[in-house]
Amino acid sequence: MKFKLENKYFRWGLTAFLVIAASILFYYVLFYGSDIKVGIKVVINILMPVVFGFVTAYLLTPVLNFIEDKILLFFCRKCKIKPSKRRNSLVRGIGIILTMIFFFAIIHGLFSMLLSQIVPSIQNIVINFDSYINNFTRWLNRLLEDNADLKNYAMRLVNKYSVELEAWLNDTAFTTTSELIRRVSLSVIGIFRVLWNFLIGLIISVYLLASKEKFAGQAKKIAFALFEKHTANVIIKNFRFTHRTFIGFISGKILDSIIIGVLCFIGTSILHTPYAVLVSVIVGVTNVIPFFGPYLGAVPSTILIFIVDPMHPLNCVYFVIFILILQQFDGNFLGPKILGNSTGLTGFWVIFAITLFGGLFGVLGMFIGVPIFAVIYAGIKSIVNTALKKKNLPCDTQAYVNVGSIDEEGFHAEEKQGEKNK
């Protein structure tokens, strides 16, 4: 008897095996979760170069595709170089080299900005923090000199939170930054480990970029070998949608945030805003987080500008007006141009995804939560629409807004409360 994967007894056995395996896994996760977490952390540390390579290759894939399609292949067509295996290999090799040059330029720019601008700005804030608080206190005294009770209450709040903020700056921001630089500068073992992971991950990413079509073909081959054609097609389609959602959102949001950060630096430099580079970095980095990002960046930057120079509050007002204009430009023009409708989520679901995944995974969850929830949302929507089609019902949500019931005769409108009381 010829064995087939489609055999119903094999399916029953596989289903029973998966149920038992899932039950055992659930038991161990429930009662030995901490041990499993330690084991996963050990495995991740071992495979960190591979993880770094996969992430790097995934993020650089749009850059490589752009260089190949828009530059190298365009040049080949203009020069009338006919398609061939040799041409394709040469285009891929040059594309990878240019992509890596772009990658190292970004890394160099980030480290240069960190060491030359960000760290000195933080150190300067910590050193001059007492004078900033004194200036703010004098401004507050002048503002509330006619209301003694309110002034005393405000002074107590300032004294309390200024001590806490100064402690945070000294113990967290300044110490962490200095410690990071010290470790990178002095720890030979740490440098060797980081460089090793970086080097191996970079080599892995080059191999992945060079053979990305081959790896995709191997994955499809396995899908068609393990599943029926229809199931394999559905799996491949879903993976393509997931990839488009993630790469479209992540690459688009990073590009959008870089542009916003640069525009913010130009604007703050023209306005002579204190710590223009640091403020622009805060605004640009927090802009990566959808919806809440602009506020998360603007609020601490506004407070910093005001505390640094409270005697000139118009600087703070100008900055707030500029940020509002910048965010309107981003939300209504730049963001839609770059991102389009890459997630397919309405405003409510974006806020829901950020709140849920931000609470579970912190800042990283606030960033990747939107594309993850977009995939989940699309999956649920596909399942619901498929079930409705089997029942010969419309898939458009608008068709159900005023529906009270559905029977063999068709749709019946929802009864109004006033009609029910007649």
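How many helices and strands are there in the protein?

**View 1. Overview of the predicted model.** The protein has 14 helices and two strands. Of its 422 residues, 28% are buried. Contacts between residues at least 6 apart in sequence were also sorted by separation: 63% of them join residues at least 24 apart. The exposed surface comes to about 28800 Å². Carbon and sulfur atoms supply 69% of that area.

**View 2. Helix α11, residues 293–308.** This helix has 16 residues. From first C-alpha to last, α11 reaches 23 Å, close to the 22 Å expected at 1.5 Å a residue. Buried residues of α11 include G293, P294, G297 and A298. Further along, S301 and T302 are buried, as are L304, I305, F306, I307 and V308.

**View 3. The largest nonpolar core.** This core has 19 residues. Those with the most contacts inside it are C264, Y275, V279, V283, L304, I323 and L326. Four helices, α9 (229–270), α10 (276–286), α11 and α12 (313–339), each supply at least two residues of the core. L304 also appears among the buried residues of α11.

**View 4. Surroundings of I323.** Neighbours within four places in sequence are left aside here. Beyond them, I323 is in contact with C264, V283 and A298. Of these partners, C264 and V283 are listed with I323 among the residues with the most contacts inside the largest nonpolar core. A298 is a buried residue of α11.

**View 5. Another core, apart from the largest.** This core has 15 residues. Among them are F249, V288, A353 and I354.

Key:
Residues are numbered from 1 along each chain as its sequence is written. This is a predicted model: local features need pLDDT of at least 70, side-chain atom pairs count only at pLDDT 80 or more; totals for chains, interfaces and linings use all residues. Side-chain values use heavy atoms; hydrogens and water are left out. Buried means under 20% relative accessible area, exposed over 50%, partly exposed in between (1.4 Å probe, protein chains only). Contact means heavy atoms within 4.5 Å. Accessible areas come from the Shrake-Rupley method with a 1.4 Å probe; for residues, only the protein chains shown count as cover. The expected span of a helix is 1.5 Å times one less than its number of residues. A nonpolar core is a set of buried Ala, Val, Leu, Ile, Met, Phe, Trp, Tyr and Cys residues joined through side-chain atoms within 4.5 Å.
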